Amino acid sequence: MYPRHLYALVFGLLLGPSYAQASQAHPPSNPHLSKEQVQDVLDYKPPKDPGCTQFPTGPIETTSCDIETIESVNEELYNELHSLVETPFFKYFRVDLYRDCPFWQENGFCMNRECGITTVDESEIPERWRAAELSKLEMPPENESTNLPGCYYRDSDYCFLDDMTEGDYVDLSMNPERFTGYTGPSAHRVWSSIYQENCFGLSELNLLSSDSPNPGSVSLPDSMTGVLRTEEGEQSRDCLEQRVYYKIISGLHASISTHVCHDTMNQSTGEWGPDLKCFISRVASHPERLEYLYFDTVLLLRAVARLGTYLSAYDYCGTGTHEDDAATLERLGKVIDIARAVGKFDETVLFRGENANILKEEFKEHFRNVSRIMDCVGCDKCRLWGKVQTTGLGTALKVLFELDEKALDPRANANLLQRSEVVALINTLHRFSESLEYVNDFRRMWASMDSQEEDAVIHDTQAEVEAAARSAPKPRRSPTAGSEEAIEGNFLESLMARVACWIRACKDGTVGCVQGL
(Lines give C-alpha, C1' and ligand atoms only; values in the text may rest on other atoms or scores of the structure.)
Protein backbone atom coordinates (compact mmCIF):
# COMPACT_ATOMS: atom_id res chain seq x y z
CA MET A 1 0.00 0.00 0.00
CA TYR A 2 2.90 2.37 0.68
CA PRO A 3 4.06 2.61 -2.97
CA ARG A 4 0.50 3.29 -4.17
CA HIS A 5 0.24 6.32 -1.94
CA LEU A 6 3.59 7.60 -3.17
CA TYR A 7 2.15 7.44 -6.68
CA ALA A 8 -0.93 9.24 -5.38
CA LEU A 9 1.28 11.94 -3.90
CA VAL A 10 2.99 12.48 -7.26
CA PHE A 11 -0.31 12.63 -9.11
CA GLY A 12 -1.72 14.95 -6.45
CA LEU A 13 1.16 17.38 -6.88
CA LEU A 14 0.76 17.28 -10.65
CA LEU A 15 -3.00 17.69 -10.68
CA GLY A 16 -3.40 20.08 -7.77
CA PRO A 17 -6.79 20.64 -6.13
CA SER A 18 -8.83 20.72 -9.33
CA TYR A 19 -9.44 16.97 -9.53
CA ALA A 20 -10.29 16.70 -5.85
CA GLN A 21 -12.89 19.39 -6.26
CA ALA A 22 -14.39 17.77 -9.34
CA SER A 23 -14.57 14.36 -7.70
CA GLN A 24 -16.67 15.74 -4.86
CA ALA A 25 -19.34 17.02 -7.22
CA HIS A 26 -22.66 15.23 -6.83
CA PRO A 27 -23.89 14.40 -10.34
CA PRO A 28 -27.26 16.14 -10.70
CA SER A 29 -30.17 14.74 -12.63
CA ASN A 30 -31.48 18.10 -13.78
CA PRO A 31 -29.18 20.97 -14.84
CA HIS A 32 -32.11 23.38 -15.40
CA LEU A 33 -33.65 24.44 -12.12
CA SER A 34 -37.21 25.70 -12.01
CA LYS A 35 -38.01 28.25 -9.30
CA GLU A 36 -41.67 27.22 -9.51
CA GLN A 37 -40.80 23.62 -8.63
CA VAL A 38 -38.55 24.73 -5.79
CA GLN A 39 -41.38 26.91 -4.46
CA ASP A 40 -43.76 23.93 -4.62
CA VAL A 41 -41.57 22.24 -2.02
CA LEU A 42 -40.24 25.14 0.06
CA ASP A 43 -43.31 27.43 0.15
CA TYR A 44 -45.50 24.61 1.48
CA LYS A 45 -47.06 25.29 4.90
CA PRO A 46 -47.43 22.10 7.00
CA PRO A 47 -50.93 21.68 8.51
CA LYS A 48 -51.55 21.02 12.18
CA ASP A 49 -54.70 18.86 11.98
CA PRO A 50 -54.58 15.23 10.83
CA GLY A 51 -56.84 14.36 7.92
CA CYS A 52 -56.90 10.56 7.90
CA THR A 53 -60.56 10.53 8.87
CA GLN A 54 -61.38 12.63 5.83
CA PHE A 55 -61.78 11.38 2.29
CA PRO A 56 -58.25 10.69 1.01
CA THR A 57 -57.08 13.30 -1.45
CA GLY A 58 -53.33 12.82 -1.32
CA PRO A 59 -51.24 11.78 -4.30
CA ILE A 60 -49.39 8.98 -2.46
CA GLU A 61 -50.14 5.88 -4.49
CA THR A 62 -51.56 2.78 -2.66
CA THR A 63 -52.10 4.81 0.53
CA SER A 64 -55.29 6.14 2.08
CA CYS A 65 -53.74 9.22 3.69
CA ASP A 66 -52.36 12.33 2.11
CA ILE A 67 -49.16 14.26 2.58
CA GLU A 68 -50.92 16.76 4.85
CA THR A 69 -51.80 13.97 7.29
CA ILE A 70 -48.20 12.85 7.67
CA GLU A 71 -47.10 16.48 8.08
CA SER A 72 -49.65 16.99 10.85
CA VAL A 73 -48.34 14.15 13.04
CA ASN A 74 -44.66 14.12 12.15
CA GLU A 75 -43.46 16.51 14.86
CA GLU A 76 -44.89 14.25 17.58
CA LEU A 77 -43.70 11.13 15.76
CA TYR A 78 -40.19 12.49 15.41
CA ASN A 79 -39.94 13.50 19.06
CA GLU A 80 -41.00 10.03 20.24
CA LEU A 81 -38.71 8.26 17.78
CA HIS A 82 -35.78 10.52 18.65
CA SER A 83 -36.09 9.54 22.31
CA LEU A 84 -36.65 5.89 21.42
CA VAL A 85 -33.52 5.46 19.28
CA GLU A 86 -31.38 6.75 22.16
CA THR A 87 -32.53 3.96 24.48
CA PRO A 88 -30.04 1.09 24.99
CA PHE A 89 -31.95 -1.48 22.95
CA PHE A 90 -32.33 0.67 19.84
CA LYS A 91 -28.99 2.45 19.77
CA TYR A 92 -26.71 -0.62 19.70
CA PHE A 93 -26.42 -2.29 16.30
CA ARG A 94 -24.07 -5.08 15.25
CA VAL A 95 -22.85 -4.89 11.67
CA ASP A 96 -20.12 -6.30 9.43
CA LEU A 97 -18.63 -3.28 7.66
CA TYR A 98 -15.70 -5.04 6.02
CA ARG A 99 -17.23 -7.69 3.82
CA ASP A 100 -15.90 -7.61 0.25
CA CYS A 101 -17.98 -6.04 -2.51
CA PRO A 102 -19.55 -9.00 -4.37
CA PHE A 103 -20.22 -7.25 -7.69
CA TRP A 104 -16.98 -5.54 -8.71
CA GLN A 105 -13.49 -4.84 -7.50
CA GLU A 106 -13.96 -2.00 -5.05
CA ASN A 107 -10.71 -0.20 -4.30
CA GLY A 108 -12.35 3.05 -3.37
CA PHE A 109 -12.07 4.30 0.19
CA CYS A 110 -12.63 7.54 2.02
CA MET A 111 -9.82 8.96 4.12
CA ASN A 112 -11.89 11.90 5.34
CA ARG A 113 -12.21 11.64 9.12
CA GLU A 114 -16.00 12.07 8.81
CA CYS A 115 -16.19 8.72 7.00
CA GLY A 116 -15.00 6.89 10.10
CA ILE A 117 -17.18 5.45 12.84
CA THR A 118 -16.80 4.86 16.56
CA THR A 119 -17.32 1.24 17.61
CA VAL A 120 -18.29 -0.13 21.02
CA ASP A 121 -16.36 -2.85 22.83
CA GLU A 122 -18.38 -6.01 23.31
CA SER A 123 -17.90 -5.78 27.07
CA GLU A 124 -20.15 -2.69 27.06
CA ILE A 125 -23.00 -4.59 25.38
CA PRO A 126 -25.47 -6.45 27.63
CA GLU A 127 -24.65 -10.16 27.38
CA ARG A 128 -28.06 -11.14 26.05
CA TRP A 129 -27.58 -8.81 23.06
CA ARG A 130 -24.16 -10.18 22.12
CA ALA A 131 -23.70 -12.25 18.97
CA ALA A 132 -22.86 -15.45 20.86
CA GLU A 133 -26.17 -15.37 22.72
CA LEU A 134 -28.36 -14.13 19.88
CA SER A 135 -26.98 -16.71 17.44
CA LYS A 136 -28.40 -19.47 19.67
CA LEU A 137 -31.90 -18.05 19.22
CA GLU A 138 -31.96 -16.24 15.90
CA MET A 139 -29.88 -18.16 13.38
CA PRO A 140 -32.10 -20.37 11.18
CA PRO A 141 -31.16 -23.98 10.35
CA GLU A 142 -28.97 -24.27 7.24
CA ASN A 143 -31.73 -26.04 5.31
CA GLU A 144 -34.02 -23.03 5.84
CA SER A 145 -31.68 -20.35 4.51
CA THR A 146 -29.36 -19.51 1.64
CA ASN A 147 -25.88 -18.89 3.01
CA LEU A 148 -23.05 -16.82 1.55
CA PRO A 149 -19.76 -15.81 3.17
CA GLY A 150 -20.70 -13.66 6.17
CA CYS A 151 -24.42 -13.37 5.41
CA TYR A 152 -27.59 -15.27 4.58
CA TYR A 153 -31.26 -14.87 3.71
CA ARG A 154 -34.41 -16.92 4.16
CA ASP A 155 -37.15 -17.22 1.55
CA SER A 156 -39.18 -14.54 3.32
CA ASP A 157 -36.30 -12.06 3.61
CA TYR A 158 -36.00 -9.02 1.35
CA CYS A 159 -32.40 -8.33 2.35
CA PHE A 160 -29.24 -10.17 3.34
CA LEU A 161 -28.62 -10.45 7.08
CA ASP A 162 -25.23 -10.74 8.80
CA ASP A 163 -24.57 -14.26 10.10
CA MET A 164 -22.90 -13.02 13.34
CA THR A 165 -19.53 -14.60 12.55
CA GLU A 166 -17.95 -11.19 11.91
CA GLY A 167 -18.84 -7.64 12.80
CA ASP A 168 -18.57 -4.75 15.24
CA TYR A 169 -20.97 -3.19 17.71
CA VAL A 170 -21.89 0.39 16.92
CA ASP A 171 -23.71 3.02 18.98
CA LEU A 172 -25.87 4.59 16.26
CA SER A 173 -26.54 7.68 18.37
CA MET A 174 -22.80 8.43 18.35
CA ASN A 175 -22.45 8.04 14.58
CA PRO A 176 -25.05 10.35 13.00
CA GLU A 177 -25.87 10.24 9.31
CA ARG A 178 -24.35 13.38 7.80
CA PHE A 179 -22.06 14.74 5.09
CA THR A 180 -18.80 12.76 4.99
CA GLY A 181 -17.10 13.94 1.81
CA TYR A 182 -17.57 10.50 0.21
CA THR A 183 -18.21 11.31 -3.45
CA GLY A 184 -16.63 10.70 -6.82
CA PRO A 185 -16.52 7.53 -8.93
CA SER A 186 -16.96 5.06 -6.05
CA ALA A 187 -20.08 6.76 -4.67
CA HIS A 188 -21.48 7.34 -8.15
CA ARG A 189 -21.04 3.67 -9.03
CA VAL A 190 -23.02 2.55 -5.98
CA TRP A 191 -26.10 4.61 -6.85
CA SER A 192 -25.71 3.93 -10.56
CA SER A 193 -25.71 0.19 -9.84
CA ILE A 194 -28.74 0.44 -7.58
CA TYR A 195 -30.74 2.16 -10.31
CA GLN A 196 -29.31 0.63 -13.49
CA GLU A 197 -28.70 -2.95 -12.50
CA ASN A 198 -31.83 -3.70 -10.50
CA CYS A 199 -34.59 -3.21 -13.03
CA PHE A 200 -37.53 -5.43 -13.94
CA GLY A 201 -36.50 -6.30 -17.47
CA LEU A 202 -36.20 -2.65 -18.46
CA SER A 203 -33.33 -1.81 -20.77
CA GLU A 204 -30.81 0.90 -19.97
CA LEU A 205 -32.34 2.93 -22.81
CA ASN A 206 -35.74 2.79 -21.08
CA LEU A 207 -34.19 4.02 -17.87
CA LEU A 208 -32.27 6.84 -19.50
CA SER A 209 -35.37 8.08 -21.31
CA SER A 210 -37.68 10.35 -19.37
CA ASP A 211 -41.25 11.52 -19.77
CA SER A 212 -40.62 14.19 -17.14
CA PRO A 213 -40.33 17.84 -18.17
CA ASN A 214 -36.98 17.66 -16.38
CA PRO A 215 -35.22 14.62 -17.87
CA GLY A 216 -31.99 13.35 -16.40
CA SER A 217 -28.79 14.85 -17.71
CA VAL A 218 -26.38 12.19 -16.46
CA SER A 219 -26.35 8.43 -16.10
CA LEU A 220 -29.81 8.09 -14.57
CA PRO A 221 -32.27 10.36 -12.77
CA ASP A 222 -31.98 9.31 -9.16
CA SER A 223 -35.70 9.86 -8.63
CA MET A 224 -36.56 7.49 -11.51
CA THR A 225 -38.90 10.20 -12.78
CA GLY A 226 -39.09 8.76 -16.28
CA VAL A 227 -40.13 5.36 -15.01
CA LEU A 228 -42.71 6.49 -12.49
CA ARG A 229 -44.44 9.37 -14.23
CA THR A 230 -46.56 9.20 -17.36
CA GLU A 231 -48.46 11.72 -19.41
CA GLU A 232 -51.89 12.52 -18.04
CA GLY A 233 -54.42 9.95 -19.22
CA GLU A 234 -51.75 7.58 -20.47
CA GLN A 235 -51.57 4.11 -18.95
CA SER A 236 -48.31 3.39 -17.15
CA ARG A 237 -45.91 1.13 -19.04
CA ASP A 238 -44.83 -0.46 -15.74
CA CYS A 239 -46.87 -2.50 -13.32
CA LEU A 240 -47.74 -1.18 -9.87
CA GLU A 241 -45.12 -3.37 -8.18
CA GLN A 242 -42.35 -1.93 -10.36
CA ARG A 243 -43.38 1.63 -9.60
CA VAL A 244 -43.58 0.88 -5.87
CA TYR A 245 -40.10 -0.65 -5.95
CA TYR A 246 -38.56 2.41 -7.59
CA LYS A 247 -40.42 4.76 -5.26
CA ILE A 248 -38.95 2.90 -2.28
CA ILE A 249 -35.42 3.24 -3.67
CA SER A 250 -35.88 6.88 -4.65
CA GLY A 251 -37.42 7.74 -1.29
CA LEU A 252 -34.39 6.25 0.43
CA HIS A 253 -32.09 8.30 -1.81
CA ALA A 254 -34.08 11.48 -1.09
CA SER A 255 -33.90 10.87 2.67
CA ILE A 256 -30.14 10.31 2.56
CA SER A 257 -29.68 13.45 0.44
CA THR A 258 -31.77 15.48 2.90
CA HIS A 259 -29.59 14.35 5.82
CA VAL A 260 -26.39 15.10 3.92
CA CYS A 261 -27.61 18.58 2.98
CA HIS A 262 -28.88 19.38 6.46
CA ASP A 263 -25.68 18.44 8.28
CA THR A 264 -22.84 19.47 6.00
CA MET A 265 -19.59 21.33 6.52
CA ASN A 266 -19.09 24.80 5.11
CA GLN A 267 -15.77 24.49 3.27
CA SER A 268 -15.01 28.18 3.88
CA THR A 269 -15.78 28.44 7.60
CA GLY A 270 -15.40 24.81 8.73
CA GLU A 271 -18.76 25.07 10.53
CA TRP A 272 -21.51 22.43 10.30
CA GLY A 273 -25.08 23.28 9.39
CA PRO A 274 -27.82 23.10 6.72
CA ASP A 275 -26.97 23.87 3.09
CA LEU A 276 -30.06 25.19 1.31
CA LYS A 277 -28.45 25.14 -2.13
CA CYS A 278 -27.58 21.48 -1.68
CA PHE A 279 -31.19 20.69 -0.75
CA ILE A 280 -32.56 22.66 -3.69
CA SER A 281 -30.36 20.90 -6.22
CA ARG A 282 -30.88 17.38 -4.83
CA VAL A 283 -34.49 17.41 -3.63
CA ALA A 284 -36.51 20.64 -3.81
CA SER A 285 -36.08 21.11 -7.56
CA HIS A 286 -37.70 17.68 -8.02
CA PRO A 287 -40.99 17.68 -6.02
CA GLU A 288 -41.60 14.00 -6.82
CA ARG A 289 -38.58 13.07 -4.72
CA LEU A 290 -40.22 14.58 -1.66
CA GLU A 291 -43.38 12.62 -2.49
CA TYR A 292 -41.38 9.39 -2.47
CA LEU A 293 -39.95 10.31 0.93
CA TYR A 294 -43.53 10.55 2.25
CA PHE A 295 -44.34 7.30 0.47
CA ASP A 296 -41.60 5.40 2.30
CA THR A 297 -42.65 6.96 5.59
CA VAL A 298 -46.20 5.66 5.17
CA LEU A 299 -44.90 2.23 4.16
CA LEU A 300 -42.72 2.03 7.29
CA LEU A 301 -45.57 3.24 9.51
CA ARG A 302 -47.84 0.57 8.09
CA ALA A 303 -45.23 -2.10 8.91
CA VAL A 304 -44.92 -0.81 12.49
CA ALA A 305 -48.72 -0.78 12.79
CA ARG A 306 -48.95 -4.42 11.64
CA LEU A 307 -46.17 -5.33 14.06
CA GLY A 308 -47.77 -3.43 16.93
CA THR A 309 -48.78 -6.42 19.02
CA TYR A 310 -45.48 -8.21 18.36
CA LEU A 311 -43.39 -5.14 19.22
CA SER A 312 -45.41 -4.52 22.39
CA ALA A 313 -44.65 -8.05 23.59
CA TYR A 314 -40.94 -7.92 22.68
CA ASP A 315 -38.34 -8.08 25.46
CA TYR A 316 -36.25 -4.88 25.37
CA CYS A 317 -34.55 -5.46 28.71
CA GLY A 318 -30.78 -5.70 28.66
CA THR A 319 -30.04 -5.15 32.36
CA GLY A 320 -32.44 -7.54 34.03
CA THR A 321 -34.20 -4.79 36.03
CA HIS A 322 -36.92 -4.05 33.42
CA GLU A 323 -36.83 -0.35 34.35
CA ASP A 324 -35.35 0.58 30.98
CA ASP A 325 -37.74 -1.91 29.40
CA ALA A 326 -40.77 -0.03 30.76
CA ALA A 327 -39.50 3.35 29.51
CA THR A 328 -38.77 1.88 26.08
CA LEU A 329 -42.23 0.28 25.84
CA GLU A 330 -43.91 3.56 26.80
CA ARG A 331 -42.17 5.47 24.01
CA LEU A 332 -42.69 2.65 21.54
CA GLY A 333 -46.38 2.48 22.41
CA LYS A 334 -46.83 6.12 21.35
CA VAL A 335 -45.07 5.43 18.04
CA ILE A 336 -47.32 2.41 17.43
CA ASP A 337 -50.44 4.50 18.16
CA ILE A 338 -49.38 7.07 15.56
CA ALA A 339 -48.53 4.32 13.08
CA ARG A 340 -51.97 2.74 13.50
CA ALA A 341 -53.64 6.10 12.96
CA VAL A 342 -51.84 7.21 9.80
CA GLY A 343 -49.95 4.22 8.40
CA LYS A 344 -52.55 3.58 5.72
CA PHE A 345 -50.50 1.78 3.12
CA ASP A 346 -52.59 -0.84 1.31
CA GLU A 347 -50.32 -3.81 0.74
CA THR A 348 -53.17 -6.00 -0.49
CA VAL A 349 -53.26 -4.34 -3.92
CA LEU A 350 -49.77 -5.59 -4.76
CA PHE A 351 -48.67 -9.03 -5.99
CA ARG A 352 -52.04 -10.15 -7.30
CA GLY A 353 -52.83 -12.12 -10.43
CA GLU A 354 -51.41 -15.17 -12.15
CA ASN A 355 -47.78 -13.94 -12.16
CA ALA A 356 -47.84 -12.60 -8.61
CA ASN A 357 -45.40 -15.13 -7.16
CA ILE A 358 -42.90 -14.68 -9.98
CA LEU A 359 -43.08 -10.89 -9.64
CA LYS A 360 -42.68 -11.07 -5.86
CA GLU A 361 -39.58 -13.25 -6.18
CA GLU A 362 -38.08 -10.79 -8.66
CA PHE A 363 -38.93 -7.92 -6.30
CA LYS A 364 -37.17 -9.71 -3.43
CA GLU A 365 -34.11 -10.55 -5.52
CA HIS A 366 -33.73 -6.93 -6.57
CA PHE A 367 -33.97 -5.61 -3.02
CA ARG A 368 -31.58 -8.26 -1.75
CA ASN A 369 -29.20 -7.06 -4.45
CA VAL A 370 -29.47 -3.51 -3.12
CA SER A 371 -28.67 -4.71 0.40
CA ARG A 372 -25.51 -6.42 -0.92
CA ILE A 373 -24.49 -3.36 -2.92
CA MET A 374 -24.07 -1.67 0.47
CA ASP A 375 -20.92 -3.79 0.86
CA CYS A 376 -19.48 -1.80 -2.05
CA VAL A 377 -19.73 1.59 -0.30
CA GLY A 378 -16.24 2.95 0.36
CA CYS A 379 -17.14 5.05 3.42
CA ASP A 380 -17.65 3.30 6.76
CA LYS A 381 -20.33 5.69 8.05
CA CYS A 382 -22.18 5.68 4.71
CA ARG A 383 -21.99 1.88 4.60
CA LEU A 384 -23.27 1.67 8.19
CA TRP A 385 -26.37 3.75 7.53
CA GLY A 386 -26.89 2.13 4.14
CA LYS A 387 -26.99 -1.27 5.82
CA VAL A 388 -29.24 -0.06 8.65
CA GLN A 389 -31.78 1.47 6.27
CA THR A 390 -31.84 -1.29 3.65
CA THR A 391 -32.34 -3.76 6.53
CA GLY A 392 -35.11 -1.55 7.94
CA LEU A 393 -36.91 -1.25 4.62
CA GLY A 394 -36.37 -4.95 3.90
CA THR A 395 -37.91 -5.80 7.28
CA ALA A 396 -40.91 -3.59 6.51
CA LEU A 397 -41.41 -5.30 3.14
CA LYS A 398 -41.24 -8.73 4.79
CA VAL A 399 -43.83 -7.71 7.37
CA LEU A 400 -46.17 -6.35 4.69
CA PHE A 401 -45.87 -9.00 1.99
CA GLU A 402 -44.74 -12.23 3.66
CA LEU A 403 -46.33 -12.50 7.11
CA ASP A 404 -49.99 -13.13 7.91
CA GLU A 405 -51.71 -12.34 11.18
CA LYS A 406 -50.93 -15.78 12.59
CA ALA A 407 -47.21 -15.34 11.93
CA LEU A 408 -47.30 -11.93 13.62
CA ASP A 409 -48.74 -13.39 16.84
CA PRO A 410 -45.96 -13.09 19.47
CA ARG A 411 -47.36 -16.06 21.41
CA ALA A 412 -46.97 -18.36 18.42
CA ASN A 413 -43.82 -16.83 16.91
CA ALA A 414 -41.75 -15.09 19.58
CA ASN A 415 -38.54 -15.16 17.48
CA LEU A 416 -40.16 -13.92 14.28
CA LEU A 417 -37.61 -11.12 13.79
CA GLN A 418 -33.97 -10.85 14.67
CA ARG A 419 -33.00 -8.13 17.11
CA SER A 420 -31.10 -6.41 14.27
CA GLU A 421 -34.29 -6.25 12.19
CA VAL A 422 -36.28 -4.62 15.00
CA VAL A 423 -33.51 -2.09 15.66
CA ALA A 424 -33.12 -1.33 11.94
CA LEU A 425 -36.86 -0.89 11.36
CA ILE A 426 -37.29 1.72 14.12
CA ASN A 427 -34.07 3.55 13.25
CA THR A 428 -35.05 3.68 9.58
CA LEU A 429 -38.45 5.15 10.44
CA HIS A 430 -36.59 7.68 12.59
CA ARG A 431 -34.35 8.57 9.60
CA PHE A 432 -37.36 9.31 7.40
CA SER A 433 -39.28 11.21 10.08
CA GLU A 434 -36.15 13.25 10.76
CA SER A 435 -35.81 13.99 7.05
CA LEU A 436 -39.32 15.47 7.04
CA GLU A 437 -38.38 17.64 10.02
CA TYR A 438 -35.28 18.76 8.16
CA VAL A 439 -37.40 19.67 5.14
CA ASN A 440 -39.31 22.07 7.39
CA ASP A 441 -36.00 23.59 8.51
CA PHE A 442 -35.16 24.28 4.87
CA ARG A 443 -38.64 25.77 4.38
CA ARG A 444 -38.01 28.17 7.25
CA MET A 445 -34.68 29.18 5.70
CA TRP A 446 -36.44 29.84 2.40
CA ALA A 447 -39.27 31.77 4.09
CA SER A 448 -36.76 34.15 5.70
CA MET A 449 -35.60 35.35 2.25
CA ASP A 450 -37.11 38.03 0.06
CA SER A 451 -37.71 37.47 -3.66
CA GLN A 452 -34.33 38.91 -4.66
CA GLU A 453 -32.50 36.60 -2.26
CA GLU A 454 -34.48 33.62 -3.55
CA ASP A 455 -33.48 34.42 -7.13
CA ALA A 456 -29.83 34.71 -6.07
CA VAL A 457 -29.90 31.30 -4.37
CA ILE A 458 -31.52 29.72 -7.43
CA HIS A 459 -28.91 31.36 -9.68
CA ASP A 460 -25.98 30.17 -7.54
CA THR A 461 -27.42 26.67 -7.28
CA GLN A 462 -27.95 26.57 -11.05
CA ALA A 463 -24.30 27.45 -11.63
CA GLU A 464 -23.11 24.72 -9.26
CA VAL A 465 -25.42 22.14 -10.86
CA GLU A 466 -24.18 22.98 -14.35
CA ALA A 467 -20.56 22.75 -13.22
CA ALA A 468 -21.24 19.36 -11.63
CA ALA A 469 -22.99 18.11 -14.77
CA ARG A 470 -19.96 18.99 -16.91
CA SER A 471 -17.62 17.04 -14.64
CA ALA A 472 -19.93 14.06 -14.01
CA PRO A 473 -18.52 10.67 -15.03
CA LYS A 474 -20.04 8.98 -18.05
CA PRO A 475 -22.43 6.13 -17.24
CA ARG A 476 -21.27 2.56 -17.73
CA ARG A 477 -22.25 -0.80 -16.33
CA SER A 478 -19.96 -2.10 -13.62
CA PRO A 479 -17.73 -5.01 -14.76
CA THR A 480 -17.75 -8.32 -12.97
CA ALA A 481 -15.32 -8.59 -10.07
CA GLY A 482 -12.04 -10.14 -11.14
CA SER A 483 -12.54 -9.64 -14.87
CA GLU A 484 -9.79 -8.22 -17.09
CA GLU A 485 -11.99 -5.23 -17.84
CA ALA A 486 -12.36 -4.50 -14.13
CA ILE A 487 -8.63 -4.70 -13.48
CA GLU A 488 -7.56 -2.55 -16.42
CA GLY A 489 -10.46 -0.12 -16.49
CA ASN A 490 -10.51 0.68 -12.81
CA PHE A 491 -6.80 1.36 -12.21
CA LEU A 492 -6.69 5.01 -13.22
CA GLU A 493 -10.16 5.70 -11.81
CA SER A 494 -9.19 4.13 -8.50
CA LEU A 495 -5.88 5.99 -8.41
CA MET A 496 -7.59 9.32 -9.04
CA ALA A 497 -10.14 8.60 -6.32
CA ARG A 498 -7.31 7.85 -3.89
CA VAL A 499 -5.55 11.07 -4.87
CA ALA A 500 -8.73 13.07 -4.23
CA CYS A 501 -9.31 11.38 -0.87
CA TRP A 502 -5.70 11.94 0.18
CA ILE A 503 -5.86 15.62 -0.77
CA ARG A 504 -9.05 16.06 1.27
CA ALA A 505 -7.44 14.25 4.21
CA CYS A 506 -4.46 16.64 4.07
CA LYS A 507 -6.85 19.59 4.09
CA ASP A 508 -8.54 18.18 7.20
CA GLY A 509 -5.34 17.89 9.17
CA THR A 510 -1.80 16.56 9.43
CA VAL A 511 -2.82 13.24 11.02
CA GLY A 512 -5.04 12.18 8.12
CA CYS A 513 -2.41 13.34 5.64
CA VAL A 514 0.33 11.27 7.28
CA GLN A 515 -1.95 8.24 7.67
CA GLY A 516 -2.61 8.40 3.94
CA LEU A 517 1.08 7.81 3.31
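Which residue in β6 is the bridge partner of Val95? The first close-up below gives the answer. The views come from a predicted model.

**View 1. β1 pairs with β6.**
Asp168 in β6 is the bridge partner of Val95. Tyr92 stands opposite Asp171, also in β6. Strand β1 covers residues 92–95. Strand β6 covers residues 168–171. The two strands run antiparallel and are joined by 4 bridges.

**View 2. An open sheet of 3 strands.**
The strand order is β1-β6-β2, and the pairing is antiparallel. The sheet is open. Its edge strands are β1 and β2, and each of these pairs on one side only. Strand β2 spans residues 119–120. It is joined to β6 by 2 bridges. At one of them, Val120 has Tyr169 in β6 as its bridge partner.

**View 3. Helix α10 packs against helix α11.**
Helix α10 runs through residues 240–262, and helix α11 through residues 276–284. Their axes come within 9 Å and cross at roughly 175°. An angle over 145 degrees counts as roughly antiparallel, so α10 is roughly antiparallel to α11. From α10, the residues in contact are Ala254, Ser257, Thr258, Val260 and Cys261. From α11, they are Cys278, Phe279, Arg282 and Val283. By class, the contact has 6 nonpolar, 2 polar and 1 charged residues.

**View 4. Arg178 meets Glu114.**
Side chains of opposite charge can pair when their charged atoms come close. Here, Arg178 forms a salt bridge with Glu114. The closest N and O atoms are 3.9 Å apart. Arg178 sits in the loop between β6 and α7, and Glu114 in the loop between β1 and β2. The pair links distant parts of the chain, 64 residues apart. Both Arg178 and Glu114 are buried.

**View 5. Arg431 meets Glu177.**
Glu177 also lies in the loop between β6 and α7. Its salt-bridge partner here is Arg431, with 3.3 Å between the closest N and O atoms. Arg431 belongs to helix α17, residues 419–447. The two residues are 254 residues apart, so this pair too links distant parts of the chain. Arg431 is buried, and Glu177 is buried as well.

**View 6. The surroundings of His259.**
His259 is found in helix α10. Is this residue buried or exposed? His259 counts as buried, because its relative accessibility is 1% and the cut-off for buried is under 20%. Beyond its neighbours within four places in sequence, His259 contacts Glu177, Arg178 and Arg431. These residues appear in the two salt bridges of the previous views. The other contacts of His259 are Glu434, Ser435 and Tyr438.

**View 7. Arg411, an exposed salt-bridge residue.**
The side chains of Arg411 and Asp409 meet in a salt bridge. The N to O distance is 3.3 Å. Arg411 has a relative accessible area of 77%. The cut-off for exposed is over 50%, so Arg411 is exposed.

**View 8. A network of salt bridges.**
Which residues are linked in a network of salt bridges? They are Asp96, Arg99, Asp375 and Lys387. The structure as a whole holds 21 salt bridges.

**View 9. Arg443 and Leu42.**
Arg443 is placed in helix α17. Its relative accessible area is 6%, so Arg443 is buried. Along the chain, Arg443 and Leu42 are 401 residues apart. Their C-alpha atoms are separated by 4.7 Å.

**View 10. Phe351 has a positive phi.**
Most residues other than glycine have a negative phi. The phi of Phe351 is near 55°, a positive value. Phe351 is found in the loop between α14 (323–342) and α15 (356–373). Phe351 is buried, with a relative accessible area of 11%.

**View 11. The whole chain.**
The protein chain has 517 residues, and buried residues make up 56% of them. There are 20 helices and 8 strands. Among contacts with a separation of 6 or more, 82% come from residues 24 or more positions apart.

Note on methods. Residues numbered from 1 in each chain as written. Predicted model: local features only at pLDDT ≥ 70, side-chain atom pairs only at ≥ 80, totals over all residues. Heavy atoms only, no water. Pairing = 2+ DSSP bridges. Axes fitted to C-alpha atoms, helices over the stretch in contact; angles between N-to-C directions. Parallel < 35°, antiparallel > 145°, perpendicular 65-115°, else oblique. Contact = heavy atoms within 4.5 Å. Nonpolar A, V, L, I, M, F, W, Y, C, P; charged D, E, K, R; others polar. Salt bridge = Lys/Arg side-chain N within 4 Å of Asp/Glu carboxyl O. Buried < 20%, exposed > 50% of the residue type's maximum accessible area, 1.4 Å probe, protein only.
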